[in-house]
Every structure is written in C-alpha cells, then in structure tokens.
Amino acid sequence: MQASVGISDDSDLGKATEKAVGDALAECPDAHTVLLLVTHSYGREAFESAARSLQQSALGARHYAAGMVNGLAHGKSRYDAMFNKRAAAVLAFGRQNPPAVAIVADARSQPKAAGAKLVEQTRAELGKLPSSGLLFTPGLGVGAPLIDQEILDGLCEAAPDLRVAGTGLTRGMKVDGLAEPSLAFLNGRFEEHGVLLIAFDERVRARYAFATGARESGASFRLTATGGSIWKGADGRSARDVALDILSQSDPVKRAHFAANPAIAAAEHSVCLATRDEEGYFWCAPPIGFTPDGGVVAFYPLKTGTELHRVRLDSDCAIDAVKSAVGQLRRQSQQSHDLVVSFTCTMRGFTLGDRAPEETPTLLRELSPRVHLTVIANGEIGCREGTPPRATLWAYSLCSLNST
C-alpha cells in the first residue's frame, strides 16, 4: 500500500505542517489524499490556517483532510498535549487503491443518519460499498451521552461489512473542564461536531485489533435499572452506592476520591469498571459523574441486566494491551504490514506514567510495520476480526492496511 508519514514538533504550526507535508511527500510524492492531524495545544486559529494551507503544500492531491487530537507518537517520540507537548503529523495515501473521503456536519441531532450519509458519500466515490477505514468522530466534545456508537450503528447498517478504527477529534478543554467542540476539515470545509471518514474498498486488506489489558479484580455487579446513559439501580440498590463501594473496595478515602471525580480517581488508583464480551475481552465503562438521586452518569448507554466488573488497569496492563493487540493481528495474518495506525486513550498516558514512551516502541518491536503513526485518542473505536466496530474508552486499538 502506498502510504507515508511526516511529523514535526516545531512550535510554529505553519512550519510544523510544512515540514510534515514535505517529509510525507518525499516518500509518497504522488499523493491522492493528505490527512493532517494536529495536537490541540496549537489552538484553533493556528489549526484552521494550517488546514487551509494543505492544498498549496500538497499540490495535485484529491483530498485534503484535517483534525485536532490529544496527541501523537512516532518512533520513540511522544507528543501528548495533556503534558504540554505539541506536534503535527501528515498521513499521505498514494494513488494505488486510494481512499474515498467524506465529511458530515454536526452529527448530534441524527448520529445514525450521519453514519449512513458517510457510507453513501464514500460509496459514490469508490463505486462500491467501503469495507475498511479510519473514522474521526466528535468524541467527548458532545458531552454525555456520547454519540460515537450511534454513528457506528449507522455506518454498519448501511455497510454491514465495514470495519473501522478511530477516535474522537478534540480542541482541548474549556476552563471549566468541559471539552471544546471538535472541528473536522475536508477540502476547504470545516464542520464543528462533524465526522470524517477515510474509507477503502476490498482492494485494501484491513486487519483490526483491540485490547485494554484490563485484569479482573474479583468484584462485579449487575445493573437492574437504566435510562439512556444513566445507571439508576444495581443489585437492588442505588447504582451510585454500588459503583462507589465496588470501585473503592469500601475504603473511605478512595470512596471520597471516586465520589468527587470518578474518571480522575480511576486513573489515579488504576481501577475501572468494564463489561466483558463473549470472548472474555474487557471494554471499559468508567462513570463520569453521579445524579442527586443516586444514579451514575456514563459515557455510553448500557442495558438493564449488564454485568460490570471491577478491573485493574496499571502500567503493566497498558503495555500488555499493546502485545495483546499485536497478537491479534498476527493470528489474522503473518504477512508484513504496510501501514499501521494505532489509537491509544489519553487516560492511558496517566496510567503508564513514566512508561508512556514505551508504548509505541513496544508495538514497533513486536510488529515492525513499514509505516506507523500513533494517535493519542479522545474516545476510541475498536474492533477485532469478525466483529463490528465499537466505541469505547481507555483502550488500545490497531488498524493495519495493506494492498491485496
């Protein structure tokens, strides 16, 4: 597959973009599609200017796409905006089996319809239904409940065999701690809360893997009443009391931490709640807040009867997730990997701590892709072989793309 990556951490985003584009085009001079990903630490005005400059920097490409993310990693270098780092990366796709690229406007009111519309746009360009791709959603910027899963549901209803990996775009946080609305860009068009899809047909062989590395810690409970993204009851009690007891193991100090800010406490104490699928994999479902009547506010809706497990997520677990995801790709094929894009939750940076720089080198050592880029994510989209894509958090997701 024709693909290349360029990256720069110049403090001037215009210069960083020019360097990243130049390096990417040096390896893929006849680019069909150019994707610019920028850490939100540069700010909106600089991002918009850099996105508009893409057409002049990469003359002759059909598509110019861009978005802001929490961070980037390449080789041994990690640029995490949550730790005041910045960088711009460019993914260039060549004209051999090129992608179709689509964008939709604010997806909050009709997320499933937005997913279906993306499929129709890419189908019109490819001449057939897409089978794989990279998806960039509004992520955490829409607030609870998140709409990523509904966008995925719309995608998969319109194209049942479509598999994607990806993340939510972001512009960082406001002073009150709430997320800024994200911006998606394609061919001169900016969309707040928009969705961007880069899609391929079956001429590109795609393989996907997902892992959290979470380890069960021996406690669980079942939801007995839910309403949208609110867990109302669990095991015959208030969901809030049960969740706090399970997460804190009845330690009063830890319980106070989780009651004040469950998402931050989860990272500090390396503990989370998660569902477990039929294959035994954990999908994290951390609470983000509580209602006055004892409910739990969650990122994604869960059905009554869902069992939630207390899981351990420490730095060893986070590195194990990389190895697990690599193992999943290897089981699917022993062939080489032309392009691998990985998405790692920004919370994993706190979980890894001083070991955060180990994450990408572990992947490169275990897999050795020809071209690679890590995106530090704002909500992740993960799927494994034979399973539809799913929106989740605190995860490590891989997408491997190769020409057939």
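Here are a few friendly notes on this predicted model, going from the whole chain down to single residues.

1. Overall build. The protein chain contains 11 helices and 26 strands. Its C-alpha trace covers about 60 × 40 × 40 Å along the principal axes. For 404 residues, a compact globule would be expected to have a radius of gyration near 22 Å, and the 20 Å of the protein chain agrees with that.

2. Burial and contacts. Of the 404 residues in the protein chain, 59% count as buried. If you look at contacts with a separation of 6 or more, 78% of them join residues 24 or more positions apart.

3. Surface and charge. About 15400 Å² of the protein chain is exposed, and carbon and sulfur atoms supply 47% of that area. The chain carries 42 positive and 45 negative charges, and the mean positions of the two sets lie 2 Å apart.

4. The largest core. Which residues have the most contacts inside the largest nonpolar core? They are Leu-72, Phe-93, Leu-196 and Leu-373, in a core of 37 residues. Strand β23, residues 371-377, gives the most to this core, with four residues. A second, separate core has 33 residues, including Leu-244, Ala-265, Cys-284 and Leu-313. As general background, nonpolar side chains in soluble globular proteins tend to be buried together.

5. A closer look at Phe-93. Setting aside neighbours within four places in sequence, Phe-93 is in contact with residues that include Met-1, Gln-2 and Ala-3. Its other partners include Cys-28, Ala-31, His-32 and Thr-33, as well as Leu-134, Ile-198, Phe-200 and Leu-339. Pro-99 is also one of the residues that Phe-93 contacts.

6. Helix α5 and its cover. Helix α5 runs over residues 148-158, and its buried residues are Asp-148, Ile-151, Leu-152, Gly-154, Leu-155 and Cys-156. What covers these buried residues includes helix α4 (111-126) and the strands β8 (132-137), β9 (163-168) and β12 (195-200). Strands β24 (380-382) and β25 (390-392) are also among the covering elements.

7. Thr-387. This residue sits in the loop between β24 and β25. Is Thr-387 buried or exposed? Thr-387 has a relative accessible area of 19%, so it counts as buried, the cut-off being under 20%. Not counting residues up to four places away in sequence, Thr-387 touches Arg-163 and Glu-279. Pro-252 is 135 residues from Thr-387 along the chain, and their C-alpha atoms are separated by 40 Å.

Key
Residues are numbered from 1 along each chain as its sequence is written. This is a predicted model: local features need pLDDT of at least 70, side-chain atom pairs count only at pLDDT 80 or more; totals for chains, interfaces and linings use all residues. Side-chain values use heavy atoms; hydrogens and water are left out. Helices (H or I, at least four residues) and strands (E, at least two) are DSSP runs, numbered from the N terminus. The radius of gyration is taken over C-alpha atoms; the globule rule is 2.2 Å times the number of residues to the power 0.38. Buried means under 20% relative accessible area, exposed over 50%, partly exposed in between (1.4 Å probe, protein chains only). Contact means heavy atoms within 4.5 Å. Accessible areas come from the Shrake-Rupley method with a 1.4 Å probe; for residues, only the protein chains shown count as cover. Lys and Arg count as positive and Asp and Glu as negative; His and the chain ends are not counted. The place of a charge is taken as NZ of Lys, CZ of Arg, CG of Asp or CD of Glu. A nonpolar core is a set of buried Ala, Val, Leu, Ile, Met, Phe, Trp, Tyr and Cys residues joined through side-chain atoms within 4.5 Å.
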